Amino acid sequence: MGRPEGVRARAVALGIFATLALFSAIPGASMSDPNAPERPPAPGSSQPHRRLKRGWIWKQLFVPEEDPTPQVIGQLKSDSDRGESSIRYILSGEGAGDVFQIDEYTGEIRTLGKLDREEKAFYVLQAQAINRRTNQPEEPESEFIIKVQDINDNVPQFQNEPYVSSIPEMCPTGTTVARVTATDADDPMFGNNAKLIYSILQGEPYFSVEPKTGIIVTSWPNMDREARDQYLVVVQVKDMLGLSGGYSSSTTVTVTLTDVNDNGPTFQHHLYAFAVPENAAVGTTVGRIMAQDGDIGINAKMTYSLEDDLEASATFIIRTDPVTQEGVVLLAKPLDFETKRRFVMAAEAANDHADTRFLPLDEFRDRTTLKIVVEDVDEPPVFLSPLYEWKVPENAAVGTAVGSVTAEDGDAFNNPVRYSIARRSDATRAFKIDPNNGTVTTAKVLDREAAGWHNLTVEAKETAQGRLSSSAALFIKVLDVNDNVPRLATDYQPYICEGTQPGELVQLISAVDPDEPAEGHHFYFSMVPGRHINPNFTLRDNQDNTAGIVARRSSFSRRDRTQYLLPVVVTDSGSPALSSTSTLTISVCSCQPGGHCPTGGVRALAMSMGVSLQTLLGLSVCLLTLTDVELAQFLLLPLCCLSSCCC
């Protein structure tokens with residue numbers, strides 16, 4: 001085990017001395033007792049009437065461990081042994097022959113090598129005494145024990161290493177930190193070899209250890225984690241109750257102080273100054289402030305708030321960064337340098353979890369002052385309105401003023417502004433604007449029927465500094481003027497069936513007008529006034545923007561006449577009212593049952609006239625010789641005249 005030779009020799013001597021003392025105290029040191037009384041036979045014995053004489057008495061034998069020198073540790077001898085070597089002694093059992101050996105003539109028992117009590121503490125053996133002549137037992141076989149006597153040859157060992165413990169800072173004196181435990185393989189029942197004593201080698205005066213139990217406790221009040229958060233405590237254990245010559249070992253206990261909330265937040269500065277441009281977006285980080293707190297974890301968590309200036313509190317907010325525990329000042333409302341240029345407010349930091357066991361409540365908060373300066377930014381001109389909507393009549397003269405726009409430069413310099421119309425929004429160049437005062441006028445005559453709305457973009461630009469610009473939307477509605485005559489809605493081709501009765505409807509007509517009067521359209525229908533009433537047709541105005549052509553007689557026949565021309569006058573309700581005249585050609589048709597004219601009157605006309613091929617050729621030659629005026633007059637002649645080409 002690596003101990004000094006002097007210690008080993010001393011231990012061996014002590015063992016031998018103890019063995020000899022034990023033998024001297026036993027009656028019959030030779031381990032035989034010739035005067036011992038006979039014992040009665042055991043019940044059920046085969047010789048119930050014979051009393052066996054006990055020729056030897058076995059006692060426990062001792063041998064010191066770790067002694068390599070072979071030595072006699074005792075002697076077995078029968079009272080029948082007269083020294084004539086007539087008795088043969090035999091040893092059997094644990095260790096017989098390899099650990100222990102018996103002299104078959106003398107009965108002396110000796111060791112063959114060193115023993116280790118920690119490996120085997122005792123041996124159980126049997127001894128016999130045999131008569132050499134008869135080969136019969138002189139004594140009954142008997143069992144005895146050889147016990148290995150302990151010496152201090154083992155170093156105490158700490159269990160469950162490494163030792164790690166934690167205690168809260170500021171804990172009271174006597175707080176249990178940890179318990180260290182050591183064991184010693186030596187015999188705890190023999191002497192002081194395994195009697196252990198604990199002591200502190202490193203860690204005083206902050207810690208102490210209970211010598212017998214190994215319990216480590218604090219011995220220093222108010223240990224502060226913020227000053228020192230970890231200690232290494234070295235504990236020593238000694239056997240032999242710490243006496244000289246014993247063995248020792250040591251272990252290290254790592255003691256960590258856990259945090260308690262014994263510190264409040266503290267600002268390092270009484271004033272924090274920040275600057276922010278006036279065009280900063282809402283949500284912009286203006287700056288960060290930090291209150292120092294010596295604690296950690298939940299004990300260092302804090303909440304920031306802004307106080308005093310209600311306007312400033314509404315313009316700025318402060319939030320706690322959960323990672324860095326900084327107070328982040330954020331912009332909550334738009335800024336305007338020209339309105340307010342500086343904000344001053346108080347900021348407070350307060351612990352979320354105050355512990356009044358260590359500090360008064362008011363020491364868990366601290367205050368500082370924030371000064372925020374708004375920086376001027378060159379901003380573009382601002383229109384008084386983001387959009388304008390005007391109206392102008394379509395017959396307005398060129399140069400008519402439609403309206404005016406106004407944009408102002410809110411910067412401190414108040415730069416002059418010039419106006420213009422974005423050409424991409426006025427491709428027809430229908431308007432122009434005064435660059436100095438923003439007055440918009442017409443540049444050409446407007447036509448509502450061509451464009452009812454004009455959507456323009458007006459720009460205002462600074463004349464100095466950054467020449468910044470902004471724009472506004474301009475919507476101009478062209479008001480309607482009654483400048484279009486009404487006309488029939490379509491190219492009507494009416495026909496009347498032979499046999500039509502008076503009062504029957506020949507054709508329903510309506511009108512259209514590109515104008516859009518505010519009250520809606522109202523058309524009036526009439527026939528061209530004449531000296532005589534038309535004997536064939538009449539026009540009935542339905543007062544709903546429609547009119548009906550009605551037959552006045554019943555004697556319509558294709559043989560008499562195949563077409564009738566009927567001029568119709570349409571008048572609108574504008575101021576002044578406008579009208580137009582359209583001539584309808586009404587054909588006479590030989591209608592099928594149900595009043596249907598399948599040929600539309602054209603084929604019926606040719607058939608009723610019986611025009612030959614020669615006649616059609618003559619008409620073609622006649623038409624080729626007419627001038628434009630004569631052709632127009634010719635087309636108005638009744639078709640009956642055309643059959644003879646009497647133009």
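**Figure 1. Salt bridges across the predicted model.** In this predicted model, a search of the whole structure turns up 16 salt bridges. Side chains of opposite charge can pair when their charged atoms come close. The next three views each show one such pair, and a fourth shows a network.

**Figure 2. Two neighbours in sequence, arginine 117 and glutamate 118, meet in a salt bridge.** Look for the nitrogen and oxygen atoms here, which lie 3.0 Å apart. Are the two partners buried or exposed? Arginine 117 counts as buried, at 12% relative accessibility. Glutamate 118, in contrast, is partly exposed at 26%.

**Figure 3. Arginine 288 reaches aspartate 321 through a salt bridge.** The N to O distance in this pair is 3.1 Å. The two residues are 33 apart along the chain, and their salt bridge links distant parts of it. Arginine 288 belongs to strand β19 (residues 285–289), whereas aspartate 321 sits in the loop between β22 (316–320) and β23 (327–331). Arginine 288 is partly exposed, with a relative accessible area of 39%. Aspartate 321, at 16%, counts as buried.

**Figure 4. A salt bridge between two loops joins arginine 558 and glutamate 498.** Here the closest N and O atoms are 3.4 Å apart. Which parts of the chain does this pair tie together? Arginine 558 lies in the loop between β40 (546–551) and β41, and glutamate 498 lies in the loop between β36 and β37 (505–512), so the contact ties together parts that are 60 residues apart in sequence. Arginine 558 is partly exposed, with a relative accessible area of 23%. Glutamate 498 also counts as partly exposed, at 31%.

**Figure 5. Four charged residues form one network.** Arg448, Glu449, Asp480 and Glu516 are joined by salt bridges that share partners.

**Figure 6. Four strands make an open sheet.** Follow the strands across the sheet in the order β36-β42-β41-β38, and you will find mixed pairing. Why do β36 and β38 each have one side without a neighbour in the sheet? Strands β36 (495–497) and β38 (524–527) stand at the edges and have a single partner strand each, so one side of each is left free of a neighbour. From one strand to the next, the twist averages 35°.

**Figure 7. Strand β42 pairs with both β36 and β41.** Strands of a sheet pair through backbone hydrogen bonds, either parallel or antiparallel. With β36, strand β42 (residues 579–589) pairs in the parallel sense over three bridges. Along this pairing, isoleucine 496 stands opposite valine 588, and cysteine 497 stands opposite cysteine 589. With strand β41 (residues 563–571), β42 pairs in the antiparallel sense over nine bridges. On that side, valine 569 stands opposite threonine 581.

**Figure 8. A left-handed disulfide links cysteine 497 and cysteine 591.** A disulfide is a covalent bond between the sulfur atoms of two cysteines. The structure holds two of them. In this one, the sulfur atoms of cysteine 497 and cysteine 591 are 1.7 Å apart, and the angle about the S-S bond is -85°. Cysteine 497 lies in strand β36 and cysteine 591 in the loop between β42 and α3 (602–609), so the bond ties together parts that are 94 residues apart in sequence. Cysteine 497 is buried, with a relative accessible area of 14%. Cysteine 591 counts as partly exposed, at 22%.

**Figure 9. A right-handed disulfide links cysteine 589 and cysteine 597.** Here the S to S distance is 1.9 Å, and the angle about the S-S bond is 100°. Are these cysteines buried or exposed? Cysteine 589 is buried, with a relative accessible area of 1%, and cysteine 597 is buried too, at 6%. Counting the bonded cysteines along the chain, the disulfides follow the pattern 1-3, 2-4.

**Figure 10. Confidence along the chain.** The protein chain averages a pLDDT of 82, and 81% of the residues score at least 70. Where does pLDDT stay under 50? One such stretch is residues 1–54, for which the model has 64 contacts beyond four places in sequence. Another is residues 600–647, with 31 contacts of this kind.

Technical notes:
Residues are numbered from 1 along each chain as its sequence is written. This is a predicted model: local features need pLDDT of at least 70, side-chain atom pairs count only at pLDDT 80 or more; totals for chains, interfaces and linings use all residues. Side-chain values use heavy atoms; hydrogens and water are left out. Two strands pair if DSSP finds at least two bridges between them. Axes are lines fitted to C-alpha atoms, for helices over the stretch in contact, and angles run from 0 to 180 degrees between N-to-C directions. A disulfide is a pair of cysteine sulfur atoms within 2.5 Å. Buried means under 20% relative accessible area, exposed over 50%, partly exposed in between (1.4 Å probe, protein chains only). pLDDT is the predictor's confidence in each residue, from 0 to 100. Contact means heavy atoms within 4.5 Å. A salt bridge is a side-chain nitrogen of Lys or Arg within 4 Å of a carboxyl oxygen of Asp or Glu.
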